[in-house]
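Q: Please take me through one part of this model, the ligand site, and keep it chatty.
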Amino acid sequence: MAPRAPLIAPSILAADFARLGEEVRAIAVAGADWVHVDVMDGHFVPNITIGPDVVKALRPHAAIPFDCHLMIAPADPYIEAFVKAGADYISVHPEAGPHLNRTLKLIRSLGAKAGVVFNPSTDPSVIQWMMDEVDLILVMSINPGFGGQSFMTSQLAKIERLRTMIDATGRDIPLEVDGGVTPETARLCVAAGATALVAGTAVFRGGAERYAANIAALRG
Ligand code: DX5
Ligand code: ZN
């Protein structure tokens with residue numbers, strides 16, 4: 001069976017920050033499936049970006065799900081604010097706190113979907129004993145912190161491993177890849193078992209008139 005077309009989640013990290021509402025509307029109209037929001041604290045990663053108030057301000061601009069990628073430590077004290085702001089998926093890095101299972105339960109208890117993000121060095125076994133409590137798996141194919149980096153092909157084997165782990169559950173858990181995704185690397189990700197792709201540079205390049213074509217090119 002041929003792999004299905006992946007969901008596309010443009011990362012607004014590559015959008016024009018002076019016109020974020022307009023940019024979110026433009027990607028939704030251009031066919032984006034989710035809005036990917038990169039939240040950075042200048043501590044867990046060496047960059048500072050967006051907080052819950054910005055998510056709240058952007059939420060009315062599109063009806064598609066907001067996929068919030070938290071690169072902050074600690075994450076737990078801010079999760080309720082992101083849910084209230086309208087986040088649909090909230091993903092955390094295991095390294096951001098001592099109790100990943102507790103964090104996932106907190107996200108679900110507030111009504112959002114709980115994701116786990118794998119840094120390039122993080123092993124799939126970190127979720128081995130909690131597959132029932134994960135609603136999204138996000139594989140970083142770069143080191144988090146900045147857009148515009150090159151895709152790490154070393155992560156393809158990890159995508160394959162996580163695909164096998166998801167299939168064993170019988171649940172349709174999205175397997176998302178983030179970092180250096182281009183039409184070329186997108187194909188490798190989908191062949192390895194990914195079902196959702198984050199892309200900043202590859203979606204936002206060329207201006208709003210290119211967004212639909214850029215998104216279509218990533219779907220393959
Ligand atoms: C980096 C972020 C990514 C980033 C991807 O920490 O998690 O979502 O925006 O950017 P590109 O697609 O340019 O590699
Ligand atoms: Zn991200």
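How far is an oxygen atom of ligand 1 from an N or O atom in the side chain of D178?

A: The distance is 2.7 Å. Before going on: this is a predicted model, so local features need pLDDT of at least 70 and side-chain atom pairs pLDDT 80 or more, while totals for chains, interfaces and linings use all residues. Residues are numbered from 1 along each chain as written, chains are lettered from A and ligands numbered from 1 in written order, and side-chain values use heavy atoms, with hydrogens and water left out.

D178 has company: an N or O atom in the side chain of D38 is also 2.7 Å from a ligand 1 oxygen, and G148 brings a backbone N or O atom to 2.9 Å from one. These are polar contacts, meaning N or O pairs within 3.5 Å. The protein covers 98% of the 390 Å² of accessible area that ligand 1 has on its own (Shrake-Rupley, 1.4 Å probe).

Zooming out, 21 residues surround the ligand, with D38, D178, G180, G200 and T201 coming nearest; being around it takes a heavy atom within 4 Å. By class, that shell has nine nonpolar, 10 polar and two charged residues, with Gly counted as polar.

Ligand 1 sits in the largest pocket, that is, more than half of its atoms lie within 2 Å of the pocket's grid points. A pocket here is an open set of points on a 1 Å grid over the protein atoms alone, with protein on both sides within 12 Å along at least five of seven lines, and lining residues have an atom within 4 Å of a point. Strand 2 (35-40), strand 3 (66-71) and strand 8 (196-199) each give two or more residues to the ligand shell, and strand 2 gives the most, with three. Strands are DSSP E runs of at least two residues, helices H or I runs of at least four.

The pocket holds about 300 Å³ of space, a volume filled by probe spheres set on the grid points. Its lining has 27 residues, with G147, G148, G179, G180 and G200 nearest the centre. The three strands supply at least two lining residues each, and so does helix 7 (201-204). The lining splits into 12 nonpolar, 12 polar and three charged residues.

Notes
A polar contact is a pair of N or O atoms within 3.5 Å; within protein, one must be able to donate a hydrogen and the other to accept it, and residues adjacent in sequence count only if both atoms are side-chain atoms. On a 1 Å grid over the protein atoms alone, a cavity is a set of points where a 1.4 Å probe fits but cannot get out, and a pocket is an open set with protein on both sides within 12 Å along at least five of seven lines; lining residues have an atom within 4 Å of a point.
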